Amino acid sequence: MMTEDIKKKIRDIVGPDNVLDSELDRFGYSYDSSFVPLVPANKPDLVVRPTTTDEVSQVMAIASEYEIPVTPRGAATGRTGGSIPVKGGISLALDRMTKIVELDERNMMVTAEAGIRTFDLYNACAAKGLFYPPDPASWKYSTIGGNVAENSGGMRAVKYGVTKNYVMGLEVVLADGSILRTGGKMIKNVTGYDLTSLFVGSEGTLGVITNVLLRLISMPKKRGTLQIMFRSLDDGCRMIHDMLQDGIVPAASEIMDDICLGVAARRRNIDLPDGAKSAVIIEIDGEDESSLESQTTRIANVARSCEALVFRAAASEKEADELWSIRRGMSSAVATLAPNRFSEDIPVPRDAFPEVVRRIKKIAQKYGFLIAVYGHAGDGNLHPSILCDISKPGEEEKVHHAIEEIFAASLSLGGTLSGEHGIGITKQPYFANAVGEVAVRTMKAVKAALDPKGILNPGKIWL
Ligand SMILES: Cc1cc2nc3c(=O)[nH]c(=O)nc-3n(C[C@H](O)[C@H](O)[C@H](O)COP(=O)(O)OP(=O)(O)OC[C@H]3O[C@@H](n4cnc5c(N)ncnc54)[C@H](O)[C@@H]3O)c2cc1C
């Protein structure tokens with residue numbers, strides 16, 4: 001129970017300006033970028049915006065003493081409701097902790113506070129010729145802490161991996177306020193359990209990440225963007241599959257179906273070629289022009305064998321940026337197509353990608369929905385978006401059946417529920433079935449050991 005006395009103690013720690021409790025402020029922290037409906041009960045009692053690890057630690061010590069729920073929050077771009085404070089208590093916003101603590105060029109590593117935006121961190125490293133590859137489409141807004149907590153991926157995952165492949169160490173404030181430091185700059189480290197990995201993807205349920213140590217690589221010297229259009233979605237999927245089978249690993253390779261193409265064309269006044277039903281956007285990179293040229297030739301050959309309708313290499317950086325901004329803006333563009341949209345995030349083994357797309361389109365036909373399909377085809381991670389109007393009688397129930405069938409399709413092809421958005425609230429009903437009873441029991445044991453009072457992001461991941 002949040003009393004005036006507790007509020008005063010917290011104000012004394014972080015300063016009065018960094019504690020918000022007006023109705024409007026609390027409302028502003030009651031939702032995120034998921035499709036969870038607005039509910040008054042999801043308002044936090046207090047919003048707390050610390051600036052140092054020590055402040056986070058003191059706030060957690062108070063929360064632990066009074067058993068107050070704490071929901072860590074980055075930029076609230078999460079897609080599964082992770083930062084929604086479903087049990088009230090404190091919304092702990094890390095968005096004021098934005099410093100780069102150290103950019104270690106010799107070891108090619110960066111230490112940053114958890115609230116820094118992904119794009120700002122990327123740019124700070126790029127200015128020194130260093131490359132932080134994970135690039136979620138939300139990177140202009142999302143925070144590094146949120147990326148770690150969700151183990152976010154991005155367009156470049158196909159070649160460079162996801163957030164976990166770059167996290168070398170963390171500073172984490174535990175539920176009781178103690179400060180844990182894991183990992184370090186050593187490339188090899190088997191000194192006890194791998195606690196760093198434990199917190200990656202933990203969705204704010206095991207600790208509050210305050211500092212992140214990330215590995216960097218050299219920035220590729222050259223980049224190129226290719227756009228390829230096909231007469232069917234199947235041809236686009238086949239092309240990506242054949243390209244990877246041929247040993248060509250582009251930096252990114254994204255697919256969009258005809259629904260996505262249509263909305264992008266309308267919003268940007270682009271004329272689509274007749275018969276275009278899918279588009280693939282590919283980024284290639286390398287050390288010099290000749291490496292780009294040879295990759296382009298090989299990819300063009302594969303595209304031709306899959307009966308590509310259009311093959312175009314972006315002629316300038318501006319053109320390439322335009323193509324990628326279409327892809328980055330796809331989620332918001334698709335959302336304009338119907339009163340409601342339910343977007344999923346299913347990963348399957350790469351060779352199952354064409355089949356899962358086929359099955360999703362069949363599910364769309366069965367329920368009479370439009371399901372827009374786009375995603376990171378190169379790494380087998382798909383974002384099917386169900387477009388619907390849940391004010392129609394029976395529509396919401398149909399959506400839930402369709403989602404269940406999408407998950408069942410993914411599981412039966414060796415995939416799972418989430419490739420990058422986590423479980424949060426929205427995937428809870430399907431979680432136990434996907435991972436099995438022993439996994440749920442093991443995860444709950446870890447949670448109980450680290451957060452015995454259950455104050456950290458309660459009401460998430462499992463029901
Ligand atoms: C348009 C759009 C496009 C997107 N594209 C992608 C994409 O390509 N790839 C991808 O992976 N995701 C994508 N996302 C999802 C989202 O951006 C990521 O999950 C991102 O990592 C969330 O970061 P955030 O700072 O907004 O975290 P929030 O949404 O604030 O929080 C997400 C979760 O992390 C926890 N958390 C946040 N900060 C901390 C911390 N410091 N310590 C402990 N826990 C914390 C929260 O409690 C919550 O459970 C997209 C979202 C949108 C809206």
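In this tour a residue is called buried when its relative accessible area is under 20%, exposed when that area is over 50%, and partly exposed in between, using a 1.4 Å probe and protein chains only. The model on your screen is predicted, with local features needing pLDDT of at least 70 and side-chain atom pairs counting only at pLDDT 80 or more, while totals for chains, interfaces and linings use all residues. Residues are numbered from 1 along each chain as its sequence is written, and side-chain values use heavy atoms, with hydrogens and water left out.

**Stop 1: the domains**

Colour the protein chain by its domains, whose bounds come from an automatic or database domain assignment: domain 1 covers 4-95, domain 2 covers 100-218, domain 3 covers 222-331 and domain 4 covers 338-420. If you place a marker at the C-alpha centre of domain 1 and another at that of domain 3, the two are 42 Å apart.

**Stop 2: the ligand and its shell**

Now select the ligand together with the residues near it, where near means that one of a residue's heavy atoms lies within 4 Å of the molecule. There are 34 residues around the ligand, and those that come nearest are Pro-72, Thr-77, Ser-138, Thr-143 and Ser-152. Domain 1 and domain 2 each give at least three residues to this shell.

Switch on the secondary structure, in which helices (H or I, at least four residues) and strands (E, at least two) are DSSP runs numbered from the N terminus. At least two shell residues come from each of β3 (70-73), α5 (144-150) and β10 (208-215), and α5 supplies the largest share, with five residues.

Which polar atoms of the protein should you look for beside the ligand? A backbone N or O atom of Gly-78 is 2.7 Å from a ligand oxygen atom, and a backbone N or O atom of Ile-209 is 2.9 Å from a ligand nitrogen atom. On Asn-457, a polar side-chain atom lies 3.3 Å from an oxygen atom of the ligand. The ligand taken alone exposes 970 Å², of which the protein buries 95%, the areas coming from the Shrake-Rupley method with a 1.4 Å probe (for residues, only the protein chains shown count as cover).

**Stop 3: the segment after α16**

Stay with Asn-457, which is found in the segment after α16 (437-450) and counts as buried because its relative accessibility is 2%. Its phi is near 45°, a positive value in a residue other than glycine. Ile-461 also lies in the segment after α16, has a positive phi near 70°, and is buried, with a relative accessible area of 8%.

**Stop 4: Asn-151**

Next select Asn-151, in the loop between α5 and α6 (157-160). Is Asn-151 buried or exposed? Asn-151 counts as buried, because its relative accessibility is 17%. Leaving out residues up to four places away in sequence, Asn-151 is in contact (heavy atoms within 4.5 Å) with residues including Val-162, Lys-164, Gly-201 and Glu-420.

**Stop 5: Gly-89**

Move to Gly-89, in the loop between β3 and β4 (90-93), which is buried, with a relative accessible area of 1%. Although Gly-89 and Met-2 are 87 residues apart along the chain, their C-alpha atoms are separated by 6.9 Å. Not counting residues up to four places away in sequence, Gly-89 touches Pro-44, Asp-45, Leu-46, Ile-68 and Pro-69.

Technical notes: Polar contact = N/O pair within 3.5 Å; in protein donor to acceptor, adjacent residues only side chain to side chain.
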